[in-house]
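User: Hello! I am new to this structure, and I would like a close look at how one pair of helices packs together.

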2 protein chains.
Amino acid sequence: MSGAFAFRLIATDGAARRGEITTPHGLVRTPAFMPVGTQATVKGMLPADVRAVGADIVLANTYHLMLRPGAERVARLGGLHRFMRWPHPILTDSGGFQVMSLAPLRQVTPHGVTFRSHLDGATVELTPERAIEIQALLGADISMQLDECVRLPATRSEIERGVRLSLAWAERSKRAFAGADAGRALFGIVQGGDDAAARIDSARGLVDIGFDGYAVGGLAVGEPQDVMLAMIEEVAPVLPRERPRYLMGVGTPDDLLQAVARGTDMFDCVMPTRNGRHGVAFTRFGPINLKNARHAEDPRPLDAESACPAARDYSRAYLHHLMKAKETLGGTLLSTVNIAYYQHLMQGAREAIEAGCYADLCRRVEAGWHLGDIPPGGA
Amino acid sequence: MSGAFAFRLIATDGAARRGEITTPHGLVRTPAFMPVGTQATVKGMLPADVRAVGADIVLANTYHLMLRPGAERVARLGGLHRFMRWPHPILTDSGGFQVMSLAPLRQVTPHGVTFRSHLDGATVELTPERAIEIQALLGADISMQLDECVRLPATRSEIERGVRLSLAWAERSKRAFAGADAGRALFGIVQGGDDAAARIDSARGLVDIGFDGYAVGGLAVGEPQDVMLAMIEEVAPVLPRERPRYLMGVGTPDDLLQAVARGTDMFDCVMPTRNGRHGVAFTRFGPINLKNARHAEDPRPLDAESACPAARDYSRAYLHHLMKAKETLGGTLLSTVNIAYYQHLMQGAREAIEAGCYADLCRRVEAGWHLGDIPPGGA
């Protein structure tokens, strides 16, 4: 099932797209949600369990892995797929976003970004070329260009400066990627904050350079959902139909449904695992906070009709107990529930787009969320 | 495979015993190691994975469960087996040991022990009768009498007072247990510190009362191994051959081999899971601390010949990375490695006893530990 990177559009329904990505490590069905394996592990889950709930591809963070265990070390150990025992597709980010959000004393110049490691204070430089090199050492199936994500709110001139810098880095990334192993892919990243004109400029510039796929970055950083969706709508017509589109760091289940409706093919987000560790389950009844006392003696599972054993077989009372007792099994089970739910949502989207009834699916799923949880004894 | 409690002695080799316990929830092959599920979860492991590495039975802690989620609540939810999704045999302790070691402001009287909950400061009373009631509410296949474990070093009179009190509580426990569901079992607990005469008195007193099995408590609390083994040797001849013998809270792999050689049938200990969470793997090469920098770039698994995927399939470098990065998957994998190793050790003991070569097994296993870990490139 492996081969050189390719994207095949299988069906469309309005702007929504059903497709398939081929990578050296196998297929990715789109729309696709990528669980986040920040430090070479989807937190709390065995790789086989990530796969079992339906994930085709995971994301790993270049920033974290370059600092620990180090990209050269991972390469000497046979690459990230072998290291983390995930023999399926992997996308790595460029490290840029985490440098901006996590690293102390960062300094951005046209050459790249210099920062202190949050682990040991060492000074580290990340350039577009080094970001590509690191991702090659990790062995990513899909690499991302280094970009600069400008914090919002920002002035128009700050946003435009960020777009210009990111485009310059996009060109250097493309050049640096020229010698990459056959079949690996490089995506460009659209920036431009909440400014439609800047977003369009950014997208056009990237398309002129030419990438295997196009990401939209710098969203879901606190702006209202309608601003995020408006930016996607501005950018989509500029992007080539025959390339996958990836909305970075998004989002809630509703964000995913809305962005798929606007032509997005790929997503990643820590929300299912992070919220799971904090006791929140995503379900077809909407989010359910298992720490809430009302679950303490509820013998029902989260969802008796789920195909996920963690959602179907354990009582809410037990999940509540595990969260109250701070047992890691609670986070593991709820992360599993949530990754399974996100995959289920994407599977439903893929089927609905093929059947030409994506809008119906959205209405049905949203009605379930708005109806809310079934009260005890109410099922 | 379920039925009323029974113990069948299948083979002996010297003092070592190979047997089989029948319980309402299935069989326990002895010698048996019971993973500890303190708060209704073997920390960090899915129940199916505890089973998959060979555990027949787990232990759960009455002290923790009576305080949270509460024994009555577990009973209303269908009992502990259903609550924690472990449909196999469960042994519960009486709560006595944890009251002594964890609870603040405890006060022991002939009636029972009063203490403050370490969770909310509430005053709680535990009597022999209440300990039996709690274990019935949990639905334990094997219940333990409430006992008093005297801290060592202790004077002879303190030790004797503890033995007398524990025997009085043993009688009351037996009476309270009289109405128990058919097939459930009650074990008495031999106390007596490091005093052989007190140990023998305690064991004789318990045998006069008559229990389904006999535990040796109050050991592995800091005394040298030879003292522990001497106490087991003193007690064993007093105990009836046709009842299982359980050494509580023990121990290292070597403790297990030595105690099996002296006729012990059952063990429990937090060591495999606790040490696993702290980065230590138990292997046939002896203990290996994965936090050690020498593993940082070691591509080998812990043991390429292990039947346990966690020991066989993940590199030491990855396990090292997970521990350094404080990822819970590290504790999960090493807990799995360790529970699997303990089960493997007991499986080897069972086979060797049946084959009449238990002493050979011990020599072979100990030789492996003493040889130590294979250096990189040395396998």
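Analyst: Here is a walk through that helix pair, followed by a short look at how the chains are related.

This is a predicted model, in which local features need pLDDT of at least 70 and side-chain atom pairs count only at pLDDT 80 or more, while totals for chains, interfaces and linings use all residues. Residues are numbered from 1 along each chain as its sequence is written, chains are lettered from A and ligands numbered from 1 in the order in which they are written, and side-chain values use heavy atoms, without hydrogens and water.

The pair is helix H10 (residues 253-261) of chain B and helix H15 (residues 358-371) of chain B; helices are DSSP runs of H or I, at least four residues, numbered from the N terminus. Their axes lie 11 Å apart at an angle of about 165°, with axes being lines fitted to C-alpha atoms over the stretch in contact and angles running from 0 to 180 degrees between N-to-C directions. H10(B) is therefore roughly antiparallel to H15(B), a term for angles over 145 degrees.

Which residues of H10(B) and H15(B) make the contact (heavy atoms within 4.5 Å)? From H10(B) come Pro253(B), Asp254(B), Leu256(B), Leu257(B), Gln258(B), Val260(B) and Ala261(B), and from H15(B) come Tyr358(B), Cys362(B), Val365(B), Glu366(B) and Trp369(B).

As for the chains, chain B superposes on chain A by a rotation of 180° with 0.0 Å of shift along the axis, at RMSD 0.0 Å, by least squares on the C-alpha atoms of residues with pLDDT of at least 70 in both. That is how a two-fold axis relates copies. Within chain B, the residue closest to this rotation axis is Thr328(B), its C-alpha at 3.7 Å. Both copies use the same surface, as 100% of the contact residues of chain B recur in chain A.

Technical notes:
Helix = DSSP H or I, 4+ residues; strand = E, 2+ residues; numbered from the N terminus. Parallel < 35°, antiparallel > 145°, perpendicular 65-115°, else oblique. Contact = heavy atoms within 4.5 Å.
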